[in-house]
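Me: Please take a close look at one part of this model, the open sheet and what packs around it. After that, go on to other places in the chain that deserve a note.

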Amino acid sequence: MIKTKTYLYNTLTKKVEEFIPNEEGRVAMYTCGPTVYHFAHIGNLRSYIMEDVLEKYLRFDGYDVKRVMNITDVGHLSSDGDTGEDKMLAGAKREHKTVMDIARFYTDAFMEDCRKLSIKIPDVVEPATNCIPEFIHMIEVLLEKGYAYTAGENVYFDTSKLNHYYVLSAQNEEELQVGVRDDVEEDSNKKNKTDFVLWFTKSKFENQELKWDSPWGTGYPGWHIECSCISMKHLGEYMDIHCGGVDNIFPHHTNEIAQSEAYTGHKWCNYWFHVNHLNTKNGKMSKSKGEFLTVSLLEEKGYDPMVYRMFCLLSHYRKPLEFTWEGLDNVVAVYESLMKKIGNLSEDGSVEEDAVAAYEMKFAEALANDINISSAITVLYDMLKDAISDASKRRLVERFDEVLSLGLTKAFEKREEKEVDAALAAYVEKMISERKAAKKEKNFARADEIRDELAAKGIELKDTREGTIWNINCSNGGRS
């Protein structure tokens with residue numbers, strides 16, 4: 001059952017508007033996945049964290065969500081102008097491995113980062129190399145409809161056939177800068193500078209490792225075609241939400257809309273959800289400049305990945321976020337304090353269902369306001385200060401963490417471990433006192449029984465001049 005009206009900022013309309021899916025109660029959601037040529041840096045992962053919260057909130061609020069993500073393992077060029085070096089090929093050269101070896105290794109590394117950050121893996125994850133027949137079919141249809149042309153043995157999308165090519169990016173032709181580096185020549189095969197490649201043939205990048213036969217020659221797909229085809233393969237021709245970083249708005253998502261709507265003949269996706277950059281003091285984070293900030297590096301420096309997740313959640317997804325080590329240290333203190341508050345909750349009292357329902361609604365309403373996570377966290381703090389029972393609070397922490405995914409329920413486990421440890425210590429000390437009394441009364445048989453009883457439980461006693469000390473399986477250190 002849907003609880004709240006959800007409002008999202010839609011890059012397509014440039015405003016916050018009510019979210020109404022194509023099919024009531026069901027959400028078709030697509031996420032632009034990683035190009036697996038290197039480790040993901042924490043700036044990349046900010047987008048996935050925010051998209052993860054969006055998906056989990058929609059599920060929390062009662063929607064049936066199907067989320068699909070691609071893996072770019074071929075065809076992603078280093079220039080937005082569809083020229084320059086293929087990123088996958090660059091990774092293979094760098095590490096002296098095959099492209100597929102690189103793709104497998106860094107796909108696994110990305111999935112491990114997601115696990116560490118409690119990012120749910122989408123329902124469908126599809127590598128681009130799985131879908132070559134779908135790419136070829138779409139390109140054939142675009143050629144038949146007159147939206148594509150061949151030149152220099154490559155196939156290009158003809159943006160001049162569209163009335164509203166810049167519908168997503170709000171740019172215009174005069175403002176557009178050709179997306180090439182200074183050391184890369186502009187592609188002279190294009191009819192229009194905004195045209196983009198749908199298929200490269202063997203005439204381009206002779207050292208390209210992955211190539212397939214096609215009606216236009218042996219070659220490989222352009223970058224943009226994969227997301228259109230993979231999303232339609234698994235979600236159909238009508239999509240509710242398409243996610244990505246703001247750097248994908250142009251040209252990648254703009255080109256996706258162009259080719260998808262030319263192919264289908266109708267509007268393709270209703271809502272576009274974009275996450276802003278994570279910056280350093282030197283500007284936008286990237287793999288090519290400054291310290292390469294990865295989840296593994298954070299761990300090496302002693303940070304729990306959950307602290308970085310909370311660092312991201314405390315800022316709105318549409319605002320740029322500046323990363324500093326001082327800022328991360330501040331969040332460490334906030335996170336540890338929160339975990340301590342939760343860890344102090346007992347199981348006392350009964351669950352107050354009305355109070356739980358009221359707080360669930362407050363939490364959902366905060367997130368329904370364009371995924372305002374900081375407001376939702378405020379609801380969490382307000383709930384912890386409330387006079388409701390600890391049992392109710394524990395239930396709400398569990399529910400809220402279905403969306404926040406900050407590992408908050410681990411605080412319960414730590415409390416339970418402490419309670420078990422305290423109970424064990426009290427029991428052992430009681431038995432040591434009984435044994436001491438038995439020895440004093442020269443009841444050595446009883447003293448031996450106590451030692452044997454404790455040994456059977458894995459507790460070893462050692463008599464010293466200072467008194468009797470004990471340890472568990474000889475590994476937890478002496479306790480007097």
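Reply: In this predicted model, strands 6, 7, 8 and 9 form an open sheet in the order 6-7-8-9, and the pairing is antiparallel. The edges are taken by strand 6 (148-151) and strand 9 (219-221); each has a single partner strand, so one side of each has no neighbour in the sheet. From one strand to the next the twist averages 25°.

At one of these edges, strand 6 pairs with strand 7 (residues 154-157) in the antiparallel sense, over four bridges. Within this pairing, tyrosine 149 stands opposite tyrosine 156 of strand 7. Helix 4 packs on the sheet and touches strand 6, strand 7, strand 8 (196-201) and strand 9. The direction of helix 4 makes about 120° with that of strand 8.

Helix 4 (residues 132-144) also packs against helix 6 (residues 249-264), with the axes 9 Å apart and an angle of about 70°. An angle from 65 to 115 degrees counts as roughly perpendicular, and helix 4 and helix 6 are therefore roughly perpendicular to each other. On the side of helix 4, the contact is made by His137, Met138, Val141 and Leu142; helix 6 contributes Gln259, Ala262 and Tyr263. By class, the residues of this contact are five nonpolar and two polar, with no charged residue.

Helix 6 also holds proline 251. The peptide bond that joins phenylalanine 250 to proline 251 is cis, with omega at about 5°.

A further helix pair is found later in the chain. Helix 8 (residues 305-313) and helix 9 (residues 325-343) have axes that come within 9 Å and cross at roughly 105°. Helix 8 and helix 9 are therefore also roughly perpendicular to each other. Helix 8 brings Met306, Val307, Tyr308, Met310 and Phe311 to the contact, while helix 9 brings Gly327, Leu328, Val331, Val332, Val334, Tyr335 and Leu338. The contact of helix 8 with helix 9 has 11 nonpolar residues, one polar and no charged ones.

Two buried residues may be added. Alanine 109 lies in helix 3 (residues 99-116). Its relative accessibility is 14%, and buried means under 20%, so alanine 109 counts as buried. The C-alpha atom of alanine 109 is separated by 8.2 Å from that of alanine 40, although the two residues are 69 residues apart along the chain. Serine 389 is in the loop between helix 11 (373-385) and helix 12 (390-404). With a relative accessible area of 14%, serine 389 is buried. Leaving aside residues up to four places away in sequence, serine 389 touches Asp348, Gly349, Ser350, Val351 and Glu352.

Two lysines have a positive phi. For lysine 14, a residue other than glycine, phi is near 65°. Lysine 14 belongs to the loop between strand 1 (7-10) and strand 2 (15-18), and at 35% relative accessibility counts as partly exposed. For lysine 442, phi is near 60°, again positive in a residue other than glycine. Lysine 442 sits in the loop between helix 13 (410-440) and helix 14 (444-456). Its relative accessibility is 64%, so lysine 442 counts as exposed.

Key: Residues are numbered from 1 along each chain as its sequence is written. This is a predicted model: local features need pLDDT of at least 70, side-chain atom pairs count only at pLDDT 80 or more; totals for chains, interfaces and linings use all residues. Side-chain values use heavy atoms; hydrogens and water are left out. Axes are lines fitted to C-alpha atoms, for helices over the stretch in contact, and angles run from 0 to 180 degrees between N-to-C directions. Angles under 35 degrees count as roughly parallel, over 145 as roughly antiparallel, 65 to 115 as roughly perpendicular and the rest as oblique. Contact means heavy atoms within 4.5 Å. Ala, Val, Leu, Ile, Met, Phe, Trp, Tyr, Cys and Pro count as nonpolar, Asp, Glu, Lys and Arg as charged, and the others, Gly among them, as polar. Two strands pair if DSSP finds at least two bridges between them. Buried means under 20% relative accessible area, exposed over 50%, partly exposed in between (1.4 Å probe, protein chains only).
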